[in-house]
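Me: Please take a close look at a single part of this chain and tell me how that part fits into its surroundings. A connected account would suit me better than a list.

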Amino acid sequence: MPSLAIPILLLASILLAPSLPSSSRLKTSLPLCSFLPPALASAFADSEEPPAAPSPPFEIAITIDDLPFVGGLGPGDSRPQATARILKALAEHHAPATGFVVCEREGDDLLRQWLAAGIELGNHSSAHRHLDRVSLADWSADLRACNAKLASLTGTPPRWFRYPFLQTGRTSGRRDSAMAIVNECDLRSAVVSVDTGEWALVAPFVQALSNGDHARADSIGSAYLEHLMAAIDHYRAFTRAHVGRDVRHILLLHANALAADRLDSLLTRIEAAGGRFVTLEEALADSVYALPDRYAGPIGLSWLYRVAAADSAWAWDDAQVQSMMERFPAE
Ligand SMILES: [Zn+2]
C-alpha cells in the first residue's frame with residue numbers, strides 16, 4: 001500500500017462519517033483540519049492499547065474548571081456546602097489543585113472559599129465564549145477583564161489561562177493570534193492531558209437527586225468515577241504509545257455537584273492506582289508540554305492528541321460521552 005494511503009483513508013472515513021446534530025458537543029461533530037504524517041499514521045493504525053499490567057506510579061495535577069460553580073444541586077444542598085466538600089477532599093488527600101474562574105459568573109464568596117483553602121485561581125475567561133465565534137479584539141478584552149477581576153480579588157494577577165471548551169482557534173493563524181494575546185496578558189496556557197466528559201452526567205445526577213431517586217444518583221456517581229479512571233488509563237496508555245513514556249498528567253474536572261459528591265472517592269482511586277498529586281506548575285514542567293502544537297481546528301482536544309497528531313484519536317472520548325448520555329439521558 002502506498003505510504004500516503006493510510007492518511008487519505010483516515011481522512012475519507014472521517015469526512016464521510018455521518019455528522020451529528022449541531023447541538024452535540026461530541027468532538028466528531030466537527031470537521032477534521034489537519035493531516036497525519038505517514039509515519040505517525042502507521043504508528044497510530046497499528047497501536048493497540050497495551051494489555052493491563054501492574055500500573056507504575058504516575059504524577060497528576062488536578063485542575064477544576066468553571067468556578068465559582070457550574071450546574072445544579074440536589075435538594076437541601078448549597079453552593080457553599082458543595083464547595084466546602086470539594087475543598088475538604090483536596091485537603092484530606094493533600095492534593096494541590098488549580099481552579100479556573102469564569103469571571104462574569106456570580107459567586108465571589110465561593111471564590112474566597114477557594115482562596116482561603118490555599119487554591120490558586122486561574123483565568124478561564126470572563127464569559128466562557130467560543131474563541132472562533134468572537135472577534136479577537138473582544139476576546140482580548142474578555143481575558144483582560146478576567147485578569148483584572150482576579151488581580152483585585154486575590155491581590156496578584158493570575159498566572160494560568162484555560163481556554164473555554166479547550167478551543168484554541170480554527171486556523172493556525174487564529175490559534176497563533178490568540179496565543180499572542182494570552183502571552184501579552186502574562187498568562188500561560190494551562191493545557192489538559194486527561195480530557196474528560198464528566199459534564200455529561202451532571203444534569204441527570206441532579207435530576208435523580210431532585211426526584212429522590214438515590215439509587216439512580218448513586219449509579220451516576222459510580223459512572224462518574226468509572227469514566228474518570230478510564231480516561232486516566234486511556235491517556236496514560238496513549239502517552240506510552242505515542243510519546244514513549246508516561247508523562248506528568250493534568251486532569252480536567254469541573255466545580256459541579258458530582259465533584260462535590262465524589263471527589264474524595266476519585267482521589268482515593270487515583271492514589272490506589274499509583275497516582276501522586278503534583279501542582280499544575282510541576283506538571284507543566286514536563287517536556288511533553290513544550291512540544292510543538294500540531295493542531296489547528298475547531299475541536300477542544302487533549303494536549304497529547306495535539307502533539308502526537310493522532311487525528312481521530314478523539315473517537316475514544318466521543319464514545320465515552322455517547323455511552324454516558326445513552327445510559328443516563330437528561331430528562
Ligand atoms: Zn469551562
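Reply: Leaving aside residues up to four places away in sequence, leucine 67 touches Gly99, Phe100, Val101, Val102, Leu111, Trp114 and Ala255, as computed from a model that is predicted. Leu67 also belongs to the largest nonpolar core, which has 86 residues, and it is named there with Ile86, Leu201, Phe205 and Leu251 as the residues that touch the most other members. The most residues given to this core by one element come from helix 8 (residues 214-242), which supplies 9.

Strand 1 covers residues 58-67, and because 8 of its 10 residues are buried, the strand is largely enclosed by the rest of the structure. Its pairing can be followed strand by strand. With strand 6 (residues 249-254), strand 1 runs parallel and is joined by 6 bridges; within this pairing, isoleucine 62 has leucine 251 as its bridge partner, and Leu251 is one of the core residues listed above with Leu67. With strand 7 (residues 275-278), strand 1 again runs parallel, here through 4 bridges, and phenylalanine 58 stands opposite glycine 275 of strand 7.

The pairing with strand 2 (residues 97-101) is likewise parallel and rests on 4 bridges, and in it the bridge partner of isoleucine 62 is alanine 97. To pass from strand 1 to strand 2, the chain goes through helix 3 (residues 79-92), and the resulting β-α-β crossover is right-handed. Isoleucine 62 therefore has a bridge partner in strand 2 as well as one in strand 6, within a strand that is largely enclosed, since 8 of its 10 residues are buried.

For the wider setting, the chain holds 12 helices and 7 strands, and 40% of its 331 residues count as buried. Of the contacts between residues at least 6 apart in sequence, 80% join residues at least 24 apart.

Elsewhere in the chain, helix 6 (residues 172-184) allows a check on geometry: at 1.5 Å a residue, its 13 residues should span 18 Å, and its end C-alpha atoms are 18 Å apart, which agrees. Just after helix 6, aspartate 186 takes a positive phi of about 60°.

Terms used: Residues numbered from 1 in each chain as written. Predicted model: local features only at pLDDT ≥ 70, side-chain atom pairs only at ≥ 80, totals over all residues. Buried ≥ 20, exposed ≤ 12 C-beta atoms within 10 Å, placed from the backbone. Helix = DSSP H or I, 4+ residues; strand = E, 2+ residues; numbered from the N terminus. Pairing = 2+ DSSP bridges. Right-handed = clockwise from strand over helix to strand, strands pointing away. Expected span 1.5 Å × (residues − 1). Core = buried A, V, L, I, M, F, W, Y, C linked by C-beta atoms within 7 Å. Contact = placed C-beta atoms within 7 Å.
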